Amino acid sequence: MFRIPSCGDEIEVRKLKVKEQSLLVDRKRQRDGSALNEVLQSCILTPGYDVKELLVGDRLALLIHLRAVTYGSEFVFRVTCDCGESFMWKEDLSALPVKYLDPPLPYGEDRIIERVLPSLGKKIKVRLLKGKDEPRMRAIRNNENSLSGLLRLITVEVEGEKVLSAKWFDDLDADDMDYIIGEWRASDCGVDTTVQVECPACGRTQEMELPIGDPAFFMPKASKKSFLQAV
Ligand SMILES: [Zn+2]
């Protein structure tokens, strides 16, 4: 059973199959995002849940859950410290904190967050992103102007005005953008993938994002074998 962080619904899921694991490590299919949709959808056994309607935070939580039910919750990955030391670090995926939306967001609905931009003094409405927004999110990530692009994507309206140009967002005061992106992030749900890692050589602690893109995430044993690295 998996509890969806946005709506709190419990759904039945199954382990990953070999064909899904192959999809997840296929770089081309990863890049266009089709692999993730296909894998998540095939592993949900409870009918009526479209992964494109799940929030981005739900999807990451589900992906981590599927990894844990398939291979166990222990994730070992390599970390390199500023001191030059390279070491293996172990995280327990089941112990990562999960944030649920409060109040829960019924499946299929949108969550709108309304705030007043501190400098501009205008009311802004932004929304939490769903799986179906991921193609546009990817396009924005590949663009230099990523934060204003992201803000444009999540903005529903500003003081009743719905269509705002890229220029409008570029001309916004930087503190307004920082404020609303911060509020938007704080309103989202899902797994907190920030981990604290301590270097065994120098004792320094660094904060890092869990390396979900690491081959060991979906092939914890096989990825160590050289024949796979050669392909
Ligand atoms: Zn170190």
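**Reading a sheet and its helices**

Modeller: Helix α8, residues 174-186, lies across β6 and β7 and runs at about 145 degrees to β6. Keep in mind that this is a predicted model.

Colleague: Which residue of α8 counts as exposed, and on what count of neighbours?

Modeller: Take R185, which is found in helix α8. R185 has 8 C-beta neighbours inside 10 Å, so R185 counts as exposed; the cut-off is 12 or fewer. R185 and L128 are 57 residues apart in sequence, yet their C-alpha atoms are 8.7 Å apart in space.

Colleague: How do I read the sheet? What is the strand order?

Modeller: Strands of a sheet pair through backbone hydrogen bonds, parallel or antiparallel. Here the order is β6-β7-β8, in an open sheet of three strands with antiparallel pairing. β6 (112-116) and β8 (155-158) are the edge strands, each pairing on one side only. From one strand to the next, the twist averages 20 degrees.

Colleague: How many bridges join β6 to β7?

Modeller: Five, and β7 covers residues 123-127. V116 stands opposite K123 of β7.

Colleague: And helix pairs? At what angle do α5 and α6 pack?

Modeller: Two packed helices are described by the angle between their axes and the distance between the axes. For α5 (residues 134-141) and α6 (residues 146-154), the angle is about 160 degrees and the axes are 9 Å apart. They are therefore roughly antiparallel, since the cut-off is over 145. The crossing is right-handed.

Colleague: Which residues make the contact?

Modeller: R136, M137, I140 and R141 from α5; S146, G149, L150 and L153 from α6. They divide into four nonpolar, two polar and two charged.

Notes:
Residues are numbered from 1 along each chain as its sequence is written. This is a predicted model: local features need pLDDT of at least 70, side-chain atom pairs count only at pLDDT 80 or more; totals for chains, interfaces and linings use all residues. Two strands pair if DSSP finds at least two bridges between them. Helices (H or I, at least four residues) and strands (E, at least two) are DSSP runs, numbered from the N terminus. Axes are lines fitted to C-alpha atoms, for helices over the stretch in contact, and angles run from 0 to 180 degrees between N-to-C directions. Two residues are in contact if their C-beta atoms, placed from the backbone, lie within 7 Å. A residue is buried if 20 or more other C-beta atoms lie within 10 Å of its own, exposed if 12 or fewer, and partly exposed in between; C-beta atoms are placed from the backbone. Angles under 35 degrees count as roughly parallel, over 145 as roughly antiparallel, 65 to 115 as roughly perpendicular and the rest as oblique. A crossing is left-handed if the near helix is turned anticlockwise from the far one by less than a right angle, and right-handed if clockwise. Ala, Val, Leu, Ile, Met, Phe, Trp, Tyr, Cys and Pro count as nonpolar, Asp, Glu, Lys and Arg as charged, and the others, Gly among them, as polar.
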